[in-house]
Every structure is written in structure tokens, then in C-alpha cells.
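Let's look together at how two protein chains meet. Take a moment to turn the model around before reading on.

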Amino acid sequence: MMIKDEINNLLLRSFDEDLKPEENDWLEKELADSSELREEKRKLVEMRKIVSSNQYSFSPGFREKVMTKVYEEKVPLILRPEFNRSLFTVFKRVALTGVAAIVILFLSIYLSDDSFTFNSLTGGDPYSDDNLVSYLLYEDLN
Amino acid sequence: MEDLTGLADLELVKLVDEGNDHAFSLIVSRYEGQVARTVKGMLGDRDGSEDVGQETFIRFYRSLKNYRGEASLGTYLSRIAINLSLNELNKRKKSFLFFSKKEDDNSSFDLAHPDDESYRADSKELVDKALQKLEPEQRMVVVLRLLQGYSTKETAEILDLPIGTVLSRLSRAQKKLKEILTPLI
């Protein structure tokens, strides 16, 4: 069993390295004597052929995609058209949200105060200093 | 546009360094297939492997000044592709642990009859699955030696490994591949 493992390992190694002359002779002899080993060798040759002939490729347009990325590498981020576009999109969203919030605020003020005076918008006191003095005087008179 | 197709790799690299994008486009054309074999051999023919392929060329573009032509351009790109593939495998491993998605098992793989049209696609799928069953350390050796056709010495140089390690990994990988690919041999 141990010899069989050893000769199998030798067979495996023979595909990828130059064996020592004595190892090579031993392997040749075993191959001549054993049909099992010859079958093992055939399977290994076939397996290597199948793996090495497997085709791999990228999808069409791969080169163009790489070149687009190369272009992006060369042009600073803020100068790229797509950066300006995305910046505009982001700000458009922020601006629209802001406008919507202001409209809702105005509407709620109008509904609660029934007016659009400066004081109702700023939440300021309707009494000016002058008015306050007259109010206090009026209080004293009563 | 000038015809640069006859130029050697190093001359093209020099032109790219001078800002010639057409020269870089030619380099991509020349080595697209080789990078595809490395990346798809390592990661499988699925989503994400194409991004790693693109990233390989972009990394090369960024490090153009470091390339002095000591190794061939193919070897240099293979090294980048292997490293990026290993990074991607680590990322996938982390997300696999997180999402705990079960991988397909090939034990019940239905292989079409050799006369059938689908046999070719089936056998390709089985080879892909067989490669994915290998440990990444064994897989990268198989990819460089069997798919790319590098010698064991070149493989050892690309991976910066002792030649004995390359040989033992190859040996273990072949045993496993032979077992998995039995339906094809």
C-alpha cells in the first residue's frame, strides 16, 4: 500500500517536475508492469487536459469599461460631468424638501393665527414697547 | 489613430506613461483573456469576477511607474489578478459567514451525454465547480500552472512561494480534481 502511494505520488510529480533518473526508471518500470497505474496516468492526463482547455472570457465591452475607468482616474472628481449631475440631483432633492417644509410651516401658521403678519411668521410679540407703555397706563387708569 | 499593434509591451507601457490611452487600450486587449482565466479560475464564472478583472487593469494603470519590465507584463498582471482575487475571496468568505448561504454541492451533478449540445456547457460548469472546491491556496497554483500554462518555477515566482510548496499543493489539488471530475474522464 505504501509503495502504491509512493508510485502514485511519483506519477503526480512527473507532470510538474523533472524526476531524478532513478525515480524516472522506477516509474517507467511500474507503468510497464501495471495496467492500473497506466489507467491512473490516463485519467490524470485527461483531467489536466479538461481543466486547461476550459475557456474563460469577460463579457463584450470589457475593454471599454476599463477605459471608462481609466478616464475617471485621470479627471479629478469635481470636473467629471457625472459628478456635477449627481451633485445637482442631490441639491435638487434637498431644495425641494426645504421648499416643502417652508410651505407646510406657512400653512400651519396661517391656520393657527388666521393671518400672515410679520409677527405671526416670526412668532414675535404683537406688543411693541410703545404699546406696552400704553397698556400699562391703561391698566393703572382702571 | 496611429497603429501601435506591432509594439512590444514595454514600448506600449512607455507610451501609456506619456499619456497615450490608445496604448493602454491595446494592453487591455492583449491581456484580457489571460486576466479572465486567472480571475474567473479563482472566483468562478459569476458576478463580481468581471469587476475584479477591471480592477486588475486599473491597479496596473495606477502603478505604471513601478513597472520596470523585470517580469513580463503577463506575469505582472497575473500577480495583481491573483492578489485581488484573494481579497475578493476573503470578502466573500466574510459575507458567507454573515449571510450563511449554502453552496451548491456537485455530488448530484447531472452531466449531459457527450453527444448532447449541453455537454460542453455542463462540463465547463463541472470544471468550474471542481476548481471552487479547492482551497484558495491550491486553486491559485492550479490556475497559474494548468489554466495559464506557467511552469512550476514561474508559478513559484509569481506567488512568491518555495517550489516545493507549489509542487505539494499541485499534487493535492490534482488528486481532488481527478476525484471530482471523474464523470468527465
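This report walks through the interface of the two chains and then a pocket.

Keep in mind that this is a predicted model.

**Where the chains meet**

How many residues does each chain bring to the contact? Chain B provides 40 residues and chain A provides 30 residues. The size of an interface is often given as the accessible area lost when the parts come together. Here chain B and chain A bury about 3,600 Å² between them, and 64% of that area lies on carbon and sulfur atoms. On the side of chain B, Gln54(B), Gln174(B) and Ile185(B) supply 18% of the area buried against chain A, more than any other three residues.

Some charged and polar partners also face each other. There are 4 salt bridges across the interface of chain B and chain A. One of them joins Lys178(B) to Glu40(A), with the closest N and O atoms 3.0 Å apart. Between chain B and chain A, 16 residue pairs are in polar contact, both residues being at pLDDT 80 or more.

Which elements of chain B give two or more residues to the side that touches chain A? They are α2 (21-43), α3 (49-62), α5 (119-133), α6 (136-147) and α8 (163-180). The largest share, 12 residues, comes from α2(B).

**A pocket lined by both chains**

The second largest pocket has a volume of about 270 Å³. Residues of both chains line this pocket, including Glu46(A), Ile50(A), Tyr119(B), Arg120(B) and Leu184(B). Both α3 (35-52) of chain A and α5 of chain B supply at least two residues of its lining, and α5(B) gives the most, with 5 residues.

The table sets out the residue classes for each surface.

| Surface | Nonpolar | Polar | Charged |
|---|---|---|---|
| Side of chain B that touches chain A | 18 residues | 11 residues | 11 residues |
| Lining of the second largest pocket | 4 residues | 4 residues | 3 residues |

Methods:
Residues are numbered from 1 along each chain as its sequence is written. Chains are lettered from A and ligands numbered from 1 in the order in which they are written. This is a predicted model: local features need pLDDT of at least 70, side-chain atom pairs count only at pLDDT 80 or more; totals for chains, interfaces and linings use all residues. Side-chain values use heavy atoms; hydrogens and water are left out. Contact means heavy atoms within 4.5 Å. Buried area is the accessible area (1.4 Å probe) that two parts lose on being put together, summed over both. A salt bridge is a side-chain nitrogen of Lys or Arg within 4 Å of a carboxyl oxygen of Asp or Glu. A polar contact is a pair of N or O atoms within 3.5 Å; within protein, one must be able to donate a hydrogen and the other to accept it, and residues adjacent in sequence count only if both atoms are side-chain atoms. Helices (H or I, at least four residues) and strands (E, at least two) are DSSP runs, numbered from the N terminus. Ala, Val, Leu, Ile, Met, Phe, Trp, Tyr, Cys and Pro count as nonpolar, Asp, Glu, Lys and Arg as charged, and the others, Gly among them, as polar. On a 1 Å grid over the protein atoms alone, a cavity is a set of points where a 1.4 Å probe fits but cannot get out, and a pocket is an open set with protein on both sides within 12 Å along at least five of seven lines; lining residues have an atom within 4 Å of a point. Grid points are joined across faces, edges and corners, and a volume is the space filled by probe spheres set on the points.
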